Amino acid sequence: MKITRCKENPIVRPGIFDWRKATVFNPAVILEKGRFYMYERAAGSLMPFHCYIGLLESDDGIHFTHVTDEPIITPGTFGFPYGSVQDPRIVKIEGRFYLTYALRPSSYGYYPTGVGKPIEVSPEYPDGWSRKESFMTRSGIMVSDDMIHFEQVAYTTPFEINDRDNILFPEKINGKFALLRRPEEYTGEEFGTEKAGMWICYSDNLVDWSEPKLLAVPEQSWESQKIGGSAPPIRTDKGWLTLYHGVDDHNVYRAGAMLLDIENPGKIIARAKSFIMEPEEYYEKFGLYIPDVIFPTAAVEKEGILHIYYGCTDTAISLATVPTEELIDFVMEQR
């Protein structure tokens with residue numbers, strides 16, 4: 001199997017508007033009526049690191065332009081003006097567009113180190129902001145009929161834990177919505193895993209969710225620290241093709257893949273032991289934020305080719321492609 005990086009990578013870079021001058025990364029992407037729509041995570045500065053969601057569009061999936069000059073979703077949308085809205089994923093279910101996101105009520109500031117995680121600092125927020133002590137990341141769901149104006153549906157995780165990488169499946173399964181999660185505090189003997197892993201839960205109404213069940217845990221050295229879901233799963237005749245990310249003990253982020261049962265996605269059919277992508281190019285190794293990061297958040301299939309959109313060092317957005325069947329074969333052979 002050969003995954004091909006786009007020759008024009010990074011295809012989306014910081015700049016143009018004040019609210020995205022520092023970084024753009026970890027986008028949601030969906031193909032609608034032949035056009036690619038991208039929901040980028042963007043920040044205007046690292047101090048403080050407030051993130052917003054902007055909307056771009058493209059005919060070819062490579063050359064994107066902004067639909068609006070302003071972000072379409074901000075932390076203030078949720079009542080947290082000093083917060084950060086992060087890592088969107090989008091699906092279309094029964095004619096409506098559902099966007100999952102991660103929300104940090106108060107945002108850190110960052111000093112990049114160039115060798116791993118940046119140094120985090122807590123800014124002094126003005127106006128007597130009373131929630132500045134809350135840095136937990138909570139996830140939720142928004143809905144739209146026009147892809148621009150979104151309304152809050154519900155939070156999907158508790159306020160007390162860090163729970164991100166919440167990703168909806170693109171269709172109901174046995175009449176229920178299905179959601180991947182990554183609760184970082186669900187570790188230890190009580191939870192059946194020593195490292196943060198992937199969990200799955202279900203809902204009739206997107207508001208009330210079943211207790212999450214453990215789906216996958218770190219197994220290989222390249223994912224020894226933690227794993228989490230990446231892009232919304234793709235339905236195939238072999239199962240739900242599901243990309244995920246793994247982080248090793250040196251904080252290097254790589255991409256992996258697995259197949260989940262169509263009728264029971266809590267069951268893994270096959271999981272590749274080897275990663276499918278790791279940082280190789282300069283733009284995947286060096287940036288303004290964390291080095292050595294490939295973080296896929298969108299996978300769009302068109303004419304048998306899977307378009308994988310990923311954040312690079314939390315600084316820019318790149319694209320890689322692979323024939324879907326080749327990737328499925330790789331996962332089946334590697335299991």
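Two strands are said to pair if DSSP finds at least two bridges between them, and the strands themselves (E, at least two residues), like the helices (H or I, at least four residues), are DSSP runs numbered from the N terminus. The model is predicted, so local features need pLDDT of at least 70 and side-chain atom pairs count only at pLDDT 80 or more, while totals for chains, interfaces and linings use all residues. Residues are numbered from 1 along each chain as its sequence is written, and side-chain values use heavy atoms, with hydrogens and water left out.

**Exercise 1. Describe the surroundings of strand β18 and its pairing partners.**

Step 1. Begin with the strand itself, which covers residues 239-247. Nine of its nine residues are buried, where buried means under 20% relative accessible area, exposed means over 50%, and partly exposed lies in between (1.4 Å probe, protein chains only).

Step 2. Turn to the partners that come before β18 in the chain numbering. Strand β16 (residues 226-229) runs antiparallel to β18 and is joined to it by four bridges, with I227 opposite G246. Strand β17 (residues 234-236) is also antiparallel to β18, through three bridges, and here I234 faces L241. A hairpin with two residues connects β17 to β18.

Step 3. Continue to strand β19 (residues 253-260), which pairs with β18 in the antiparallel sense over eight bridges. In this pair G246 stands opposite R254. The hairpin between β18 and β19 has five residues between the strands, and within the hairpin N251 takes a positive phi near 70 degrees.

**Exercise 2. Find the edge strands of the two open four-strand sheets.**

Step 1. Recall the general principle that strands of a sheet pair through backbone hydrogen bonds, either parallel or antiparallel.

Step 2. Write down the order of one sheet, which is β2-β3-β4-β5 with antiparallel pairing. Its edge strands are β2 (23-32) and β5 (65-66), each of which pairs on one side only. Strand β4 (residues 51-58) is joined to β5 by two bridges, and E57 stands opposite T65.

Step 3. Do likewise for the sheet with the order β12-β13-β14-β15, where the pairing is antiparallel. Here β12 (163-168) and β15 (213-216) each have a single partner strand, so one side of each is left without a neighbour in the sheet. The twist averages 35 degrees from one strand to the next, the angles being taken from 0 to 180 degrees between N-to-C directions of axes, which are lines fitted to C-alpha atoms (for helices over the stretch in contact). Inside this sheet, five bridges join β13 (residues 177-183) to β14 (residues 198-203), and F177 stands opposite S203.

**Exercise 3. Which residues of the largest nonpolar core touch the most other members, and which elements supply the core?**

Step 1. Fix the term: a nonpolar core is a set of buried Ala, Val, Leu, Ile, Met, Phe, Trp, Tyr and Cys residues joined through side-chain atoms within 4.5 Å.

Step 2. The largest core has 25 residues, and I276, M277, L306 and L327 touch the most other members. At least two residues of this core come from each of β18, β19, β21 (294-302), β22 (305-312), β23 (316-323) and α2 (324-334).

Step 3. Look at the contacts of M277 (heavy atoms within 4.5 Å). Not counting residues up to four places away in sequence, M277 touches I3, R5, R254, A255, I294, Y310 and A320.

**Exercise 4. Locate the salt bridges of E40, R41 and R254, and decide whether the residues are buried or exposed.**

Step 1. A salt bridge is a side-chain nitrogen of Lys or Arg within 4 Å of a carboxyl oxygen of Asp or Glu, and by this rule the count comes to 23.

Step 2. E40 meets R20 at 2.9 Å, N to O. E40 lies in β3 (residues 35-43) and R20 in the loop between β1 (4-5) and β2, so the pair ties together parts that are 20 residues apart in sequence. Both E40 and R20 are buried.

Step 3. R41 pairs with D87, the closest N and O atoms being 2.8 Å apart. R41 counts as buried at 5% relative accessibility, and D87 counts as buried at 5%.

Step 4. R254 meets D248 at 2.9 Å, N to O. R254 is buried, with a relative accessible area of 13%, and D248 counts as buried at 8%.
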